[in-house]
Amino acid sequence: MYQILLACGGDGSEHSISLTSAKYLESKLNEINDIAVHKVILHRNFWETENNEQCFLNNNNELVVENKQPVKIDYVIPCIHGFPGETGDFQSYLELLNLPYLGCPSEGSKLCFNKISTKLWLSSLEIPNTPYVFLSENNQADQAKAFQAMRKWGAVFVKAASQGSSVGCYKVTELSKLSECITEAFKYSKQVLIEKCIKPRELEVAVYEYGGKLIATNPGEILTNADTFYSYEEKYNADSKTTTAIEAQNLTDEQKEQIKQYAIKAFTQLKLKDLSRIDFFLSEDGDILLNEINTFPGMTPISMFPKMMENNGHSMVSFLEQCIRKALKK
């Protein structure tokens, strides 16, 4: 019997979304024979079980829960959106413990969580992405760069560099609002990205390892109302008007193939592992632009990754079982 630690929550703005994703993954893990799932919720200064029992992982890879026999953990699923999961911090800890885990390594997670480092890598790999400038400080000189960019592009997105789910992201169409939005974005991150605003189709690809192969699905699509971007509220609010298509329509075979090639190249060159959701823009001029890489995509009932995987003929249960057994076989 393999003992699986399902870690969720975290100390970031996406804590509650991580809990929802973990509930979905737990339901799938419970369909696998010969494993026992131990779910823990991470907070800033402590861990706890669903029964509010404080717990921790010791240096012998044992899960220690108050007044219970320690359990030796074999494998970890870090279902943590944002800090400390997608930032790579939790993975670094697991690597120190020599504990195998689901998902991307610490280095790739850290690179992809920061929108600026992602863009620098993509540009070096000659993978097209949206024009941008970045700000390292909220001072007069850096704000001047932002104003210059907005005058050139007309409208911009101001994005906190190290946040997920569109947290700290603002669409700016008036110069008078730019400084205020930059200041707000710096509350979420030490660096801020100023990105050219385009009117694209928003496409997403599930990339995952299955049966010894790296697979990229056909692109799905996020369908928002005109002049609405895919904000945190649009992603998770019950009143969201956004809809999704598991397979995007009216794409040429060449466009689909190019998107898949870019996705696989990014996954491979950034040394990612197991799974990711890679998001693209398709501009009005037909340009394909890689927008961002999610190293642990959402697993909520409305999330695209599991839907695209299953639409591609692969079950989440089989995927999880393969990842676990492959890691423990090694």
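A salt bridge, for my purposes here, is a side-chain nitrogen of Lys or Arg within 4 Å of a carboxyl oxygen of Asp or Glu. I'm working on a predicted model.

**Salt bridges**

I searched the whole structure and got 14 salt bridges. I pulled up E53 and K68 to start: they pair up, with the closest N and O atoms 3.4 Å apart. E53 sits in the loop between β3 and β4, and K68 in the loop between β5 and β6, so this pair ties together parts 15 residues apart in sequence. I checked burial too: E53 is buried at 18% relative accessibility, while K68 is partly exposed at 47%.

Next I looked at D142 and K145, whose closest N and O atoms are 4.0 Å apart. Both belong to helix α5, about one helical turn from each other. D142 comes out buried at 11%, and K145 partly exposed at 36%.

Then I took K187 and E184, which meet at 2.8 Å, N to O. K187 is exposed at 59%; E184 is partly exposed at 27%. I also noted a network: E26, K39 and E50 are joined by salt bridges that share partners.

**Cysteines**

How many disulfides does the structure hold? I found 0. For C104, the nearest cysteine sulfur is that of C112, 6.8 Å away; C104 itself is buried at 2%. Why is C197 unbonded to C169? Its sulfur is 9.7 Å from the one in C169, the closest cysteine sulfur, and that is too far for a bond. C197 is buried as well, at 16%.

**H15**

I finished on H15, in helix α1. Its side chain reaches the backbone oxygen of G10 at 2.7 Å. Leaving out residues up to four places away in sequence, H15 touches G9, G10, I41, L42 and H43.

Conventions
Residues are numbered from 1 along each chain as its sequence is written. This is a predicted model: local features need pLDDT of at least 70, side-chain atom pairs count only at pLDDT 80 or more; totals for chains, interfaces and linings use all residues. Side-chain values use heavy atoms; hydrogens and water are left out. Helices (H or I, at least four residues) and strands (E, at least two) are DSSP runs, numbered from the N terminus. A polar contact is a pair of N or O atoms within 3.5 Å; within protein, one must be able to donate a hydrogen and the other to accept it, and residues adjacent in sequence count only if both atoms are side-chain atoms. Contact means heavy atoms within 4.5 Å. A disulfide is a pair of cysteine sulfur atoms within 2.5 Å. Buried means under 20% relative accessible area, exposed over 50%, partly exposed in between (1.4 Å probe, protein chains only).
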